[in-house]
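Me: I am new to reading protein models, and I would like to learn how to go from a picture to careful statements. Could we work through one together?

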Amino acid sequence: MAKKSIFLTYFLWLVGGIFGLHHIYLERDAQAFVWWCTLGGYIGCGWLRDIFHIPEYVADANEDKKFMEKHIQRVRTHETPPFSSTRFCGMVIIAYLWSSVLWLAIPEEDVGGISWRWLIIFVPLACALGVWTVGNIGREEGTIHWALCGAYATLPLYWFLDDDSTWYTIMTFVSALAFDTKSKKWRRKPKAHKSLTKRIAILSVCGMLYLSLWGSYLYFNAKFTDSDGEEIKVSESLHHFFTSPLWTDLKQSLYDTWNYAQHHGWYEIWKQLIDLSDPHGEQNAYKVLGVSSSASQQEITAKWRALSREFHPDKVKDPALKQEAQDKFMEIQQAYEILSNIKSKRSRRNKKYSPD
């Protein structure tokens with residue numbers, strides 16, 4: 001197996017570390033998935049912490065001699081891995097997150113005339129999976145059995161406690177504690193090497209499952225509050241949006257743009273977009289002077305002179321309004337200068353589109 005580069009690891013940490021890219025490179029897939037779920041350990045906290053641990057991670061991946069000697073000494077000193085507050089907190093946090101996401105994804109109302117609230121029995125399973133995933137990162141491992149036992153032992157509290165968050169907290173702590181005290185041990189054998197294709201496939205399936213849970217929550221349960229203080233379901237608002245005049249007009253505009261591009265080419269669409277962005281300030285200049293884009297230079301000059309006389313600062317006696325008039329006068333002068341500088345271009349364009 002090729003040695004891992006510490007330089008490349010730091011580069012991947014920099015460009016995609018918040019999504020666990022450097023952990024994928026080092027074949028720490030469980031940690032990569034955790035980082036992806038939490039955007040670098042809850043918006044970058046774990047990602048920043050990694051900057052100090054990357055040399056250790058690389059040495060672990062390469063089975064560096066000094067690292068292995070140090071690890072063997074730890075195994076000889078401690079029959080089981082010592083308690084780590086960082087790992088324990090990680091187990092609790094991920095267990096709480098995954099169980100919460102599954103809980104949120106369960107429809108609150110009947111769907112198809114069927115109540116799906118019975119899926120609550122799988123919430124402890126999501127909790128145990130979170131504990132087990134974090135617990136199996138690196139040189140430590142353990143079975144999921146004790147984490148499952150700890151999580152499901154707290155399930156009756158769901159019916160006895162009024163506050164769901166209290167049950168969540170107890171469940172995640174009990175599950176993590178059961179795994180940490182009864183299940184974890186040193187990883188004696190290296191993990192079986194998997195091809196990159198297989199690893200990416202597994203991570204992709206896990207990612208799609210996780211996103212589908214969020215999608216279920218957004219569709220069935222998510223709500224937002226409008227300006228009148230009323231709660232509206234996201235799914236209902238999306239349905240109304242796709243039948244609204246805004247969407248139908250936008251859809252028709254996109255359809256017309258597509259048809260136009262098929263006949264005239266996408267370059268013509270691009271030129272029109274550039275013109276609409278008014279890079280030279282031409283359209284705004286027409287608006288300031290109050291003339292059309294087909295106006296001749298004589299008409300523009302006449303309008304400019306009339307507006308200049310009307311808004312000349314010397315005609316304003318009120319000091320409070322003098323600055324406003326000065327700004328308007330300068331805007332008129334700038335607009336006239338823009339249109340005068342491109343008069344040849346306007347003349348050619350007007351001749352091109354003028355009727356014979």
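Reply: Let us begin with a definition: a residue counts as buried under 20% relative accessible area, as exposed over 50%, and as partly exposed in between. Keep in mind throughout that this is a predicted model.

Me: Is Glu-63 buried, exposed or partly exposed?

Reply: The relative accessibility of Glu-63 is 46%, which lies between the two cut-offs, so Glu-63 counts as partly exposed. You will find Glu-63 in the loop that runs between helix 4 (45–62) and helix 5 (65–77).

Me: What should I look for in the backbone at Glu-63, and what is the sign of its phi?

Reply: The general idea is that most residues other than glycine have a negative phi. Glu-63, however, has a positive phi, near 50°, although it is not a glycine. Glu-27 also has a positive phi, near 65°, and its place is the loop between helix 2 (21–25) and helix 3 (29–43). With a relative accessible area of 25%, Glu-27 is partly exposed.

Me: How do I read a helix, and what is the reach of helix 6 from its first C-alpha to its last?

Reply: In general, an α-helix has 3.6 residues a turn, so residues three or four places apart point the same way. Helix 6, which covers residues 85–105, reaches 30 Å between its first and last C-alpha, close to the 30 Å expected at 1.5 Å a residue. Helix 6 is also mostly covered, since 15 of its 21 residues are buried.

Me: Which residues are in contact with Tyr-168, once its neighbours within four places in sequence are left aside?

Reply: They are Tyr-96, Ser-99, Ser-100, Trp-103 and Val-123. Tyr-168 itself belongs to helix 10 (residues 164–182), and its relative accessible area of 4% makes it buried. By contrast with these contacts, the C-alpha atoms of Tyr-168 and His-53 are 31 Å apart in space, while the two residues are 115 apart in sequence.

Me: How many helices and strands does the chain have, and how spread out is the chain?

Reply: The chain has 18 helices and 4 strands. Its radius of gyration is 33 Å, well over the 21 Å that the globule rule gives for 356 residues, so the chain is more spread out than a compact globule. Along its principal axes, the C-alpha trace spans about 95 × 60 × 55 Å, and buried residues make up 36% of the 356 residues. Among contacts between residues at least 6 apart in sequence, 65% join residues at least 24 apart.

Methods
Residues numbered from 1 in each chain as written. Predicted model: local features only at pLDDT ≥ 70, side-chain atom pairs only at ≥ 80, totals over all residues. Heavy atoms only, no water. Helix = DSSP H or I, 4+ residues; strand = E, 2+ residues; numbered from the N terminus. Expected span 1.5 Å × (residues − 1). Buried < 20%, exposed > 50% of the residue type's maximum accessible area, 1.4 Å probe, protein only. Rg over C-alpha atoms; globule rule 2.2 N^0.38 Å. Contact = heavy atoms within 4.5 Å.
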